[in-house]
Amino acid sequence: MDTRWLEAFITVAEELHFGRAASRLHMAHSPLSQVIRKLEREVGSELFERSTRSVTMTSAGAAFLPYARETLERLESGRDATSVAAGQTVGRVRIGYSGVLNHVLLPTLTRRVHEELPGVRLELIGRILTHDAEQQLGLGALDLACVGLPMPANSLNTRLLYREYLGAVLPVTHRLAHQDGPGTIDLAELSEEPFVTTSMSGGSALRQTLFRQCADAGFMPRVVQETSDPYVVLQLVAASVGITLMPETIAPMLPPGSVFLPLSAPSVPLEHGIAWRTRPPSPALQAVLDLAEQVIAEKVTR
């Protein structure tokens, strides 16, 4: 089996579109289709269901995908191992994250990996909400993901990194944005306000925590706009589309035109963690996990 067949299969599985996959692979549509047909004959099953309007993976394709990824990863690791000093950790680690919510971890972790694990290559993949992470970790598309906890998947390992509470993010023109007093806000005062939130379809832990916090304050938020990107949520607030709730660590990163106010009675913590598959981690992934714990421990104790 030609490893290029596996690369073609993985690309089509990610795009679910032969035209886009062919563009990524720098080849024409027809040769790509022929490669996939050859692979299907080799494995003895159809990997994709094709129609004039869509491409979907079959159950056989979904089952084959993690093994195809693992095969290419092992070959890549083998090539790496021949060109580095003995005893050095080598490999690739793909980390999924969402918007601005992981700025506490990712910048410092990335620097530490570059300094201490020069044989490890990081791929940082944005706009991965918790539900997306669960699926992509299971399929082998990600090695590690920054997630909201708890997660329902029993097939994943998780590790709590830190907890924080939500506060209100308001446009600077809002009537309560610069109120006098202790510098906090009673969430019940915002019960009639329009809210901007992350999308329901992505299974965002931030959205779930926001709704639980509002329920504790005695109301259900009136959502006027959703988006999958938390930073776009902040930009929409700055544009006076609505208000939102965000974690405390977001306060220094607000876009111009918005302000952050802690809640006077926060009740629901947002738990940040990392998740990875339950099978034994590769040496590269284990080394990154160990560094992630160190980074968070250092930041929390400061």
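**Long-range contacts across the protein chain.** In this predicted model, residues 24 or more positions apart account for 72% of the contacts (heavy atoms within 4.5 Å) in the protein chain with a separation of 6 or more. Buried residues, meaning those under 20% relative accessible area with a 1.4 Å probe and protein chains only, make up 47% of the 302 residues. The secondary structure comes to nine helices and 12 strands, which are DSSP runs of H or I with at least four residues for helices, and of E with at least two for strands, numbered from the N terminus.

**Close-up of helix α1.** Helix α1, which covers residues 3–15, has 13 residues and reaches 19 Å from its first C-alpha to its last, close to the 18 Å expected at 1.5 Å a residue, where the expected span is 1.5 Å times one less than the number of residues. Among the buried residues of α1 are Trp5, Phe9 and Ile10, and the helix is followed by leucine 16, whose phi is positive, near 50°.

**Close-up of the pair α1 and α2.** The axes of α1 and of α2 (residues 18–25), come within 8 Å and cross at roughly 130°, the axes being lines fitted to C-alpha atoms over the stretch in contact, with angles running from 0 to 180 degrees between N-to-C directions. The two helices are therefore oblique to each other, a class left for angles that are not under 35 degrees, over 145 or 65 to 115. Residues making this contact include Glu7, Ala8 and Thr11 of α1 and Phe18, Arg20 and Leu25 of α2.

**Notes.** Residues are numbered from 1 along each chain as its sequence is written. Local features need pLDDT of at least 70 and side-chain atom pairs count only at pLDDT 80 or more, while totals for chains, interfaces and linings use all residues, and side-chain values use heavy atoms, leaving out hydrogens and water.

Definitions and conventions: Buried < 20%, exposed > 50% of the residue type's maximum accessible area, 1.4 Å probe, protein only.
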